[in-house]
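Hi,

Here is the structure I promised to pass on. Have a look at it first, and my notes on what turned up follow underneath.

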Amino acid sequence: MNTTQAREILIEKVLQNLGCEPTKSSENESWYLSPFRIEKTASFKLNRKINRWFDHGEQKGGNVIDLVIEKFGFTVNEALSYLEKFDTFFSFQKQIFETVTKELNSKNQVEKILPVQHVALVQYLKTRKINNSNNIEQLKEIHYSINDKNYFALGFQNKSQGWEIRSKYAKICLGKKDISLINNGSKTLRIYEGFFDYLSFIQIRGNLKMEESDYLILNSVALLVKNISVLSDYDFIELYLDNDTTGDKYTSLVIGKFKNAKDCRVLFDGFKDFNECLVGSSAIKDRI
C-alpha cells in the first residue's frame with residue numbers, strides 16, 4: 001500500500017476500529033471524543049466529505065495517515081503497514097488486477113447481486129465522478145468468488161447475462177463476454193467502449209436537454225464487428241470510442257459502413273475517453 005491508496009481509507013472506519021463512535025453527526029461532519037486523550041466534551045471533528053480530521057484540543061489535523069501517526073507515534077511506513085488491514089473493511093482484500101475474462105465455474109461464481117450500496121463502491125464511483133447511477137438497471141453490486149476467495153465490486157450486466165466487473169483493484173468479466181444494449185425505443189444509437197463512459201454521459205445528460213437514445217456499450221471494442229448488424233436498425237449513430245489508435249480504427253470502420261454515423265469524440269478531445277474527461281475537466285458540459 002502506498003500513501004495515495006492509504007489516504008482513500010475512510011477515517012470513520014479507523015475510528016470505529018479504535019472503539020470511537022460519534023457523539024453527534026450532521027450530513028458531512030461528525031464529532032468524537034478525542035482518540036488522543038480522555039475528555040468529556042467532544043473536540044475531535046471529522047469531515048466525512050473530504051475525509052479529513054481536526055482535533056481542536058491538540059490544534060492538529062490531517063488525513064488518515066496523520067491520524068495513526070499521531071495516535072501511535074508511527075513512522076509513515078509503520079502507518080501504511082497498520083492501515084493495510086483496513087482493506088478488509090472494504091472487502092477488496094487486495095484483489096489482483098486482472099484483465100483476462102473469467103468464465104463462471106465451480107471455483108469462480110457470482111454469489112450475490114445487490115443494489116450498489118457499499119460505502120467503498122459508492123466512494124469508487126465518486127472518484128470516477130459518477131454520482132447519479134442509482135437508476136441504472138444494469139449496474140449492481142456483485143459479490144463473487146474466485147478460487148474460493150470472496151470479493152465484491154461493481155458489475156455491469158451484458159447481453160449474455162455476464163458481468164463486467166470493476167473496482168479499484170479488479171477489471172474482469174464474469175460469465176460470457178458480450179455487448180450491453182440498452183433499448184429505449186429510439187432511432188438514435190450512442191456507442192461507447194466501456195460502461196464508465198456510458199455512465200459519464202448519463203451523468204452530464206441529466207443537466208442537459210438531450211434526446212433520449214438507445215445505448216450500445218461494447219465492453220470490448222473487438223465485439224463491434226461481431227455485432228455490426230445491430231447498427232442497421234438506427235437512423236442516427238453517434239460514436240464515443242476512445243481517443244487512441246484502436247478507437248480511430250473502429251470509428252473509421254463504422255463511418256465507412258454507415259453514412260448516418262458521426263464521430264462525437266470532439267466532446268472529450270484531449271482525453272483518452274469520456275470518463276477521463278469527466279474526471280479531469282468540468283468543461284465537458286460546455287462542449288455539448
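One term before we start: a residue is called buried when its relative accessible area is under 20% and exposed when that area is over 50%, with partly exposed in between. Keep that in mind for strand β3 (residues 44-47), which has a covered face made of Phe44 and Leu46 and an uncovered one made of Lys45 and Asn47.

Please remember that this is a predicted model. Mean pLDDT for the protein chain is 86, with 88% of its residues at 70 or more. The stretch to treat with care is residues 88-104, where pLDDT stays under 50. The model still gives that stretch 55 contacts beyond four places in sequence.

As for the overall picture, the protein chain comes to 10 helices and 16 strands. Of its 288 residues, 46% are buried. If you take the contacts between residues at least 6 apart in sequence, 58% of them join residues at least 24 apart.

Back to β3, which has a partner strand on either hand. Strand β2 (residues 29-32) pairs with β3 in the antiparallel sense, over four bridges. Strand β4 (residues 52-55) is also joined to β3 by four bridges, and these two run antiparallel. Lys45 is a handy residue to click on here: Lys45 is the bridge partner of Trp31, and in β4 the bridge partner of Lys45 is Phe54. The hairpin of β3 and β4 has four residues between the strands, and Asn51 takes a positive phi near 55 degrees there.

Next, the open sheet. What is the order of its five strands? It goes β12-β14-β13-β15-β16, with mixed pairing. The edge strands are β12 (180-182) and β16 (261-263), each of which pairs on one side only. From one strand to the next, the twist averages 20 degrees. At the β16 edge, strand β15 (residues 236-240) and β16 run parallel and are joined by three bridges; one to look up is Ile237, whose bridge partner in β16 is Ala261.

Glu238 is worth a stop while you are in this area. This residue is found in strand β15, and because its relative accessible area is 18%, Glu238 counts as buried. Leaving aside neighbours within four places in sequence, Glu238 is in contact with Thr188, Leu189, Arg190, Ile191, Lys262 and Cys264. Lys262 is 24 residues away from Glu238 in sequence, yet their C-alpha atoms are 5.1 Å apart.

Two helices lie across this sheet. Helix α9 (residues 245-257) lies across β15 and β16, running at about 150 degrees to β16. Helix α7 lies across β12, β13 (188-192), β14 (214-217) and β15, and runs at about 150 degrees to β14. Is α7 enclosed or open to the outside? It is largely enclosed by the rest of the structure, because 11 of its 11 residues are buried. Among them are Asp197, Gln203 and Arg205, along with Phe195, Leu199 and Ile202.

That brings me to the aromatics. A search of the whole structure finds 23 aromatic pairs. Take Phe156 and Tyr198: their ring centres are 6.0 Å apart and their planes are at 65 degrees, so this pair is edge-to-face. The pair links distant parts of the chain, since Phe156 is in strand β9 (residues 149-157) and Tyr198 is in helix α7 (residues 195-205), 42 residues apart. Phe156 counts as buried because its relative accessibility is 0%, and Tyr198 is buried too, with a relative accessible area of 4%.

A second pair is Tyr192 with Phe201. Here the ring centres are 5.9 Å apart and the planes are at 45 degrees, so the pair is tilted. Tyr192 and Phe201 are both buried.

These four residues belong to one aromatic cluster, which also takes in Tyr124, Phe195, Phe196, Tyr215, Tyr240, Phe268 and Phe274. One member, Phe196, has a charged visitor: the charged end of Arg128 sits over the ring of Phe196, 3.9 Å from its centre.

Happy browsing!

Notes. Residues are numbered from 1 along each chain as its sequence is written. This is a predicted model: local features need pLDDT of at least 70, side-chain atom pairs count only at pLDDT 80 or more; totals for chains, interfaces and linings use all residues. Side-chain values use heavy atoms; hydrogens and water are left out. pLDDT is the predictor's confidence in each residue, from 0 to 100. Contact means heavy atoms within 4.5 Å. Buried means under 20% relative accessible area, exposed over 50%, partly exposed in between (1.4 Å probe, protein chains only). Two strands pair if DSSP finds at least two bridges between them. Rings of Phe, Tyr and Trp (its six-membered ring) pair if their centres lie within 6.5 Å; planes under 30 degrees apart count as stacked, over 60 as edge-to-face and the rest as tilted. A charge sits over a ring if NZ of Lys or CZ of Arg is within 6 Å of the ring centre and within 35 degrees of the ring normal. Axes are lines fitted to C-alpha atoms, for helices over the stretch in contact, and angles run from 0 to 180 degrees between N-to-C directions.
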